[in-house]
Amino acid sequence: AVAPASAGSSVEATASRGRLGPLTDLVIERIRVGDDVAASKFGTDSPIEDPVREQQVLAQVRKQAAAAELDPDAAVAFFRDQITASKVVQKGLFARWTAHPQEAPTTRPDLGQIRERLDRLTTDLLAELKNTERVRDRPVACSVQLALATASGASRERLDRLHRQALKAATPSVCRTGEGGPAARR
Ligand SMILES: O=C(O)C(=O)C[C@]1(C(=O)O)C=C[C@@H](O)C=C1
C-alpha cells in the first residue's frame, strides 16, 4: 500500500506551497465563508458579533482538540483568531455594502447552513493542526513556512486588501511560541 499524503494535500502541492499550505488553504476557505456570513446578516437584525455562538464554537474546539491530543488552549487560541478574521471580513463588507449599496448581495444565504459548513471546517482545521504539529513547534521553520504558505495562498486566491488583512489576523497563533512566553515553549 502507498502511504497516504497528509489530508488535503499532494506531494506536488506541498512542495510548492510548503508544509503549512494545506492548513493555510483551510484558513483562507474559512475567511471566504465570512463573506457568506456577512451576506446572511446584512440588512437584518442579526449583529456581526454573536458571543453565544462563539462560545459554542470554542467549546466544540476544546472538546475535539482534547480528543485529538492537541493542546486545547493552543487550539482555542487559534480559533479565536479565526473568529477575529471572520469579523474583520464581515465588518469590512458591511462598510463596503453600506457605502456602495449596488455591491450588496441580492440573495441572503441561510446562516444555519453556513454554520454547519463552519463546523465541518473546524474538524478539518483541527486535523491540519494535528498534521502540522511538528513544524509548528519549530519557531524559525514555522515562520518561514507560514510566510511562504500565506503569500502563495493570498496570491493564488487573488485575495483583496480586506481578505489579506483577515488572513493576517487569522495566523498569529499558527506557530508555537508566537507569544514568546515560556509556557509556550514546553
Ligand atoms: O456564526 C456567526 O454568526 C459568525 O459570524 C461566525 C463567527 C465565527 O467565525 O465562527 C464569527 C463571529 C460571531 O461572533 C460568531 C461566529
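The chain I am showing today has nine helices and zero strands. Please keep in mind that this is a predicted model. If you read along the sequence, the pattern is α-α-α-α-α-α-α-α-α. The chain has 186 residues, and 30% of them count as buried.

Next, contacts along the chain. Take the contacts between residues at least 6 apart in sequence: 79% of these join residues at least 24 apart.

Now one pair of helices. Two packed helices are described by the angle between their axes and by the distance between those axes. Here the pair is helix α2, residues 21-41, and helix α8, residues 161-170. They pack at an angle of about 125°, and their axes are 10 Å apart. An angle over 115 but not over 145 degrees counts as oblique, and therefore α2 and α8 are oblique to each other. Their crossing is right-handed.

Which residues make the contact? On the α2 side they are V27, I28, I31 and G34. On the α8 side they are H163, A166, L167 and A170. By type, the residues of this contact divide into six nonpolar and two polar, with no charged residue.

On to the ligand. The residues around the ligand are V37, E49, D50, R53, E54, V57, Q82, I83, S86, K87, R115 and L118. Which helices each supply at least two residues of this shell? They are α3 (51-67), α4 (72-99) and α5 (111-131). The helix that gives the most is α4, with four residues. As for residue types, the shell around the ligand has six charged, four nonpolar and two polar residues. So that you can set the two sites side by side: the contact of α2 with α8 has no charged residues, whereas the shell around the ligand has six.

Last, a single residue, P47. You will find P47 in the loop between α2 and α3. Is P47 buried or exposed? There are 9 other C-beta atoms within 10 Å of P47. A residue with 12 or fewer counts as exposed, so P47 is exposed.

We can also place P47 relative to I31, which we met in the contact of α2 with α8. P47 and I31 are 16 residues apart in sequence. In space, C-alpha to C-alpha, P47 and I31 are 18 Å apart.

That is the end of my part.

Key
Residues are numbered from 1 along each chain as its sequence is written. This is a predicted model: local features need pLDDT of at least 70, side-chain atom pairs count only at pLDDT 80 or more; totals for chains, interfaces and linings use all residues. Axes are lines fitted to C-alpha atoms, for helices over the stretch in contact, and angles run from 0 to 180 degrees between N-to-C directions. Angles under 35 degrees count as roughly parallel, over 145 as roughly antiparallel, 65 to 115 as roughly perpendicular and the rest as oblique. A crossing is left-handed if the near helix is turned anticlockwise from the far one by less than a right angle, and right-handed if clockwise. Two residues are in contact if their C-beta atoms, placed from the backbone, lie within 7 Å. Ala, Val, Leu, Ile, Met, Phe, Trp, Tyr, Cys and Pro count as nonpolar, Asp, Glu, Lys and Arg as charged, and the others, Gly among them, as polar. A residue is buried if 20 or more other C-beta atoms lie within 10 Å of its own, exposed if 12 or fewer, and partly exposed in between; C-beta atoms are placed from the backbone. A residue is near a molecule or strand if its C-beta atom, placed from the backbone, lies within 6 Å of it.
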